[in-house]
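Got the viewer open? Let's take a walk through it, one selection at a time.

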Amino acid sequence: MEKRECKIGKVLKVLGLVLVALALVVGTDIEADAKKKKKIELTEEEKAMFDKWEVKPKKRAKAVKDMRKRPKFVGATKCNGSCHDAYYQAWAKSSHGDTFSLLKPGTRKEAKERVKLDPEKDYTTTPLCLRCHTTGYGQRGGFKPAGSMNKKGKDTSTKIDPDEPNKEQVGCEMCHSAVGGSQFRAVMKSSKGNFSKAETERYGQRWDYANVCTRCHMHKNTPFKPEVHDKYKFNFEERKLKVHQVAEYWNEDNEDQKLEKKDDRAKEVGQTEKTPLVIEDFKINAAGKIRFKKGTKPYNTKTKIFIYQ
Ligand code: HEC
Ligand code: HEC
Ligand code: HEC
């Protein structure tokens, strides 16, 4: 009899503890929620924009939080998700979706020899090459080559999945966004694509496509210049047509992702088209680190200012 009472006592005790723990967890959750909600106040401008997009009040705080985050590269697979499947599939099959392999030994021997690069050398960790053959190298959230480590010696190199091209290639963000995906992604999701060019430029989207290509093509740091071979001449109007050959990638599962406003938008002229953003000038310093020349980054993360030409 005594033993049984003891057991019941124990059970009650344990139950009590579980209840207390639960109360604590739920309690702090509510507190944290309250804190989060308190902190975020929408500006009049933000309110007006969400009203226009008919964004549910519940979703506004989260979207604004993302928009105000420090810019960071997120990678092409994040643009795929449930949003741009056809664009992602087409990109993965395009030249830009396979730029990393060109840095491996034995690839494009003739082209490398022509510019006095060693065709047997592994360039997959060479900073100069990574700048133009991967996404966001040397910048927040950008590609990190094999052997990258943090201060504690932990491996921080970007995982590469051969079936899902991502930051190791020339991804979406290298052409579309000056400041990485975090803010602009929130705009796209909230607006469901129903935005004007001007509205997205405020959050780092750029429309100066012809200009942005010169980050790599015709850049003074590329070894593959027209002087070396005619095929490196860059005709924007011709090349543009090859960037997104999406037509054959639409199907039952993704056709709802077609952008209704795309053609209307094409008629607008964005600020970035009128006065294009600057193109980065960079060099690799003695320690092998990429350094952007002062004043040549299109977006200053500290002052949150875009630099136009
Ligand atoms: C400033 C940007 C830039 C840098 C730096 C750069 N590349 Fe490239 N690379 C490009 C561009 C742009 C092309 C495509 C040129 C074209 O097709 O018109 C290219 C093409 C290539 C090709 C294919 C050429 C062909 O004709 O098949 C190879 C191989 C290559 N790069 C390797 C490298 C290596 C190795 C490095 C580092 C030593 C490097 N690249 C540095 C921009 C760059
Ligand atoms: C090499 C540069 C480049 C890369 C990389 C790139 N794009 Fe584009 N993108 C363009 C250009 C140029 C246009 C305009 C011409 C067109 O629509 O084909 C465009 C247009 C678009 C549009 C239509 C926008 C509109 O409303 O007018 C979408 C959506 C898009 N890209 C998504 C993506 C996604 C998703 C990725 C990555 C998987 C990607 N892009 C990678 C250059 C690029
Ligand atoms: C971050 C660097 C980078 C940017 C920005 C970039 N490219 Fe490229 N592009 C490359 C590299 C590297 C290759 C070489 C791929 C190969 O040879 O397989 C390439 C290849 C291409 C090709 C395939 C070659 C061909 O003609 O069939 C086209 C087309 C092209 N780029 C168009 C563009 C356009 C248009 C833009 C601007 C909207 C642009 N690129 C912006 C790096 C870049």
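Start by selecting His176 together with ligand 2: a polar side-chain atom of His176 sits 2.8 Å from a nitrogen atom of the ligand. Keep in mind as you click around that this is a predicted model. Now add His244, where a polar side-chain atom lies 2.7 Å from a nitrogen atom of ligand 2. Then pick Arg265, which brings a polar side-chain atom to 2.7 Å from an oxygen atom of ligand 2. Which elements give two or more residues to the shell around this ligand? They are helix H5 (85-93), helix H8 (173-176) and helix H13 (262-267).

Stay with the two histidines and zoom in on the metal. The iron atom of ligand 2 is coordinated by NE2 of His176 and NE2 of His244, at 1.9 to 2.0 Å. His176 belongs to helix H8 and His244 to the loop between H12 and H13, so this pair ties together parts that are 68 residues apart in sequence. Turn on angle labels if you like: the six donor atoms around this iron subtend 87 to 179°, which makes the arrangement octahedral. Are these two ligating side chains buried, partly exposed or exposed? His176 has a relative accessible area of 23%, so it counts as partly exposed. His244, at 33%, is partly exposed as well.

Next, show everything around ligand 2. You should have 18 residues, and the closest are Cys172, Cys175, His176, His244 and Arg265. Color them by class and you'll find 11 nonpolar, five polar and two charged residues. H5 makes the biggest contribution to this shell, with three residues.

That makes H5 the next thing to select. Its buried residues are Asp85, Ala86, Tyr87, Tyr88, Ala90 and Trp91. What do they pack against? Show helix H4 (76-80) and H13, and you have the packing partners of those buried residues.

Now move to ligand 3 and pick its iron. Here the coordinating residues are His96 and His217, both through NE2, at 2.0 to 2.1 Å. Look at where they come from: His96 is in the loop between H5 and helix H6 (109-114), while His217 is in the loop between helix H11 (209-212) and helix H12 (236-243), so the pair ties together parts 121 residues apart in sequence. The six donor atoms around the iron of ligand 3 subtend angles of 86 to 180°, which makes this arrangement octahedral. With 24% relative accessibility, His96 counts as partly exposed. His217 gets that label too, at 26%.

Last stop: ligand 1. Select its surroundings and 21 residues light up, with Arg108, Cys129, Cys132, His133 and Tyr232 the closest. Go through the polar contacts one by one:

- Arg108: an N or O atom in the side chain is 2.7 Å from an oxygen atom of ligand 1.
- Lys231: a polar side-chain atom lies 2.7 Å from an oxygen atom of the ligand.
- Tyr232: here the distance from a polar side-chain atom to a ligand 1 oxygen is 2.5 Å.

Which helix gives the largest share of the shell around ligand 1? Select H7, which supplies four residues. H6 and helix H7 (127-133) each give at least two. Finish by coloring this shell by class, and you'll see 12 nonpolar, five polar and four charged residues.

Definitions and conventions: Residues are numbered from 1 along each chain as its sequence is written. Chains are lettered from A and ligands numbered from 1 in the order in which they are written. This is a predicted model: local features need pLDDT of at least 70, side-chain atom pairs count only at pLDDT 80 or more; totals for chains, interfaces and linings use all residues. Side-chain values use heavy atoms; hydrogens and water are left out. A residue is near a molecule or strand if one of its heavy atoms lies within 4 Å of it. A polar contact is a pair of N or O atoms within 3.5 Å; within protein, one must be able to donate a hydrogen and the other to accept it, and residues adjacent in sequence count only if both atoms are side-chain atoms. Ala, Val, Leu, Ile, Met, Phe, Trp, Tyr, Cys and Pro count as nonpolar, Asp, Glu, Lys and Arg as charged, and the others, Gly among them, as polar. Donors are N, O and S atoms within 2.8 Å of the metal (3.2 Å for Na, K and Ca); water is not among the atoms, so sites may look incomplete. Four donors count as tetrahedral if all angles lie between 85 and 135 degrees; four count as square planar and six as octahedral if opposite donors are over 155 degrees apart and all others between 65 and 115; anything else is irregular. Buried means under 20% relative accessible area, exposed over 50%, partly exposed in between (1.4 Å probe, protein chains only). Contact means heavy atoms within 4.5 Å.
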